[in-house]
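Reader: Please take a close look at one part: the largest cavity and what surrounds it.

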Amino acid sequence: MLNYIWLIPLFPLIGFVVIGVLGRPLFKGKTELVPAIIGCTTIFLSFVVSVLSVVALYRYIEPNAVGSRVFTRELFTWIEMGAFKVPFKLHLDALSSVMILVVTGVGFLIHVYSYGYMHKDPSQYRFFAYMNLFTCAMLILVLGGNFLLMFIGWEGVGLCSYLLIGFWFEKDSAATAGKKAFVTNRVGDFGFVLGMLLMFSVFGTLDYETVFAEAPHRLAVGGGIVTAITMLLFVGATGKSAQIPLYVWLPDAMEGPTPTSALIHAATMVTSGIYMVSRANVLYSMAPASLILVAAVGAGTAFFAGSIGLAQNDIKKVLAYSTVSQLGYMLLGCGVAAYFAGIFHLMTHAFFKALLFLGAGSVIHGMSGDQDMRNMGGLRKYMPHTCWTFMIAYLAIAGIPPFAGFFSKDEILWKAFTYNSPILGPMWGKFLWAIGAATAAMTAFYMTRLVSLTFFGESRVSHEAEHHLHESPGAMIYPLMGLAVLSLIGGWVGIPAALGGGNHFHHFLAPVLDQASHGAQGAHAAATAGLAYAAEVTGHGGGAESSHGLELFMMVVSVALAGIGIGIGYFFYIKNPNMPQLLAYKFQGLHKALVNKWYVDEIYEFAVINATKQFANLLCWFDAHIIDGIVNGAAYATKAFSSGSMLFDGTVVDGLVNLTGRIVEVASGMMRRVQTGYAHSYALVMAIGTFVLLSIYILLR
């Protein structure tokens, strides 16, 4: 089965071609089910092949020196120019196994849901074609065996996000949001490209296995080159995974259809940066300064975006800022060298965030398109299935045990708390933990606010909207139920030893994500010696042997913080609904700043967009007046010179030529008179000439 892993990205690609290129001509006049059936079937086939491939990987592939099972399949030579050779190679190991199962599994449920959500949209063919292409690009990204192939998938998901965010391009806001996502990601992609170029200049290849094996031999731990490579790659991660300062595109991505939001936020696109950092864990573990940057940006983004989520009224905007915040959590885990914790939260987040977005889509569907939570309330009576599945995701993201989010979020907080930075010391880890814990409390609060305003309390639904309120159809509800089960039990694969579990998820990923601790690709002496420092950094996520008692205590603290957030949210929005208005009035400045998202968009508008426009206008003026002026001046000068040249040619040159001709004409006319044709005339002239010459000769003697 492993030899057929190329089918995993191929099935969605076939779906894209059939639906997008051949769909309308082939199935013109047929039922609207056609694009949905093709789209869902191709993703399901990818999921089946993914499951079989992962099973085969662990049944038939022997582990290598570091205990990792790796299968690579080189399909063909993609690029060959002198020494630069890039094969089209697929790479399956524990990390890519997790990713393909998440992308195809969650992606399939989102595709099924999309049929119910989009069944009245006249552009279903275009929608499902884009969704299939999006899935294909993400699968290439996670299955690629080198950084260049990863970049192809990277750009592919960027293109598809632009197409899907601006799907309803007749709306200016959707078209603008699509362009915003595209342009913002180009900034990050520029850093990614520079990182790849620097990597190629050092290693002469972009192949994962070669780069990670050679890194300890060619690069100094903590050196400038490995730090530059990892920081440049991280610039790309900040764009795709929506981190400060490049997160601004993600909240506006809500302009696309809700299933698109679920696919972008849960299973594709935004997880790219987390995957890339984790995949390059050998390099990052050798660059402690880069790890500090990753952790700082992740923690800062988690807190900052969480604070914005406190006061948003659009149900999808709350979830969007929640995604930005949770992505910060994941990078916080990577920044304390606990890469497996970041991937663990990526997986559980895919389950409950897809459920939250699809649940929000169900609410919006029932509310006839209204997304403002101030116009909702008491919807659990009308949408019981949506409500109770949504509640499971809510408890998961709030970090309440035994739901999935608790285990992954607590793992990140624990690893941060026990992290001993080789540069900043153990207090750096405690500081990161404090930010993460405060963010966890905020997350519990704003999610409680969301479910209270939407499903509980008194109804604020207008009479007209209430008349149309209804539960969503089965095609939308069944995927919610499937995701609810995953949101409940999905974290049980990572139950820590402190709770009696085996932390199987960590052990599963350890051969790939703890390579620094194992000496990269083998027990080579130089590699092991070079990575000793990195192993100390990683220290399996902390560098400190702490007791299970302390870990349990920190879990209690984590749950208590979530409980405080839920309690405050319950008090504000269920027990005393007037309290938020009172606080908003009392702290108008802070409330206004939160509602306006700390004015970041306005700051960008002033400092970046307007400045860019003014610079562009200056360039336009320079082009119109200076460049064009020089060109036009040169043209005028050329024209004047050519006119002068033409005048000189016509008067002087031609005049001289004509004068010469005239002289010759006159002379020949005079000479013609001498030529009489009579011999006596010639004899007379000869005699006269002889006389004249002899006279001159005599006179001059």
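Author: The cavity comes first, then the core and the annotated domain.

This is a predicted model, where local features need pLDDT of at least 70, side-chain atom pairs count only at pLDDT 80 or more, and totals for chains, interfaces and linings use all residues. Residues are numbered from 1 along each chain as its sequence is written, and side-chain values use heavy atoms, with hydrogens and water left out.

The structure holds three cavities of 30 Å³ or more. A cavity is a set of points on a 1 Å grid over the protein atoms alone where a 1.4 Å probe fits but cannot get out. Volume is the space filled by probe spheres set on the points, joined across faces, edges and corners. The largest cavity has about 50 Å³.

Its lining (residues with an atom within 4 Å of a point) includes Lys-180, Tyr-247, Asp-252 and Asp-601. Six lining residues are nonpolar, none polar and four charged. Here Ala, Val, Leu, Ile, Met, Phe, Trp, Tyr, Cys and Pro count as nonpolar, Asp, Glu, Lys and Arg as charged, and the others, Gly among them, as polar. Helices α9 (249–252) and α28 (600–674) each supply at least two lining residues. Helices are DSSP runs (H or I, at least four residues), numbered from the N terminus.

Now Trp-249. Its contacts (heavy atoms within 4.5 Å) include Lys-180, Ala-181 and Ile-264, not counting residues up to four places away in sequence.

UniProt, in an unreviewed entry, places "domain: NADH:quinone oxidoreductase/Mrp antiporter transmembrane" at residues 146–423; such annotations may be inferred rather than shown by experiment. That stretch is 74% helix.

Definitions and conventions:
On a 1 Å grid over the protein atoms alone, a cavity is a set of points where a 1.4 Å probe fits but cannot get out, and a pocket is an open set with protein on both sides within 12 Å along at least five of seven lines; lining residues have an atom within 4 Å of a point.
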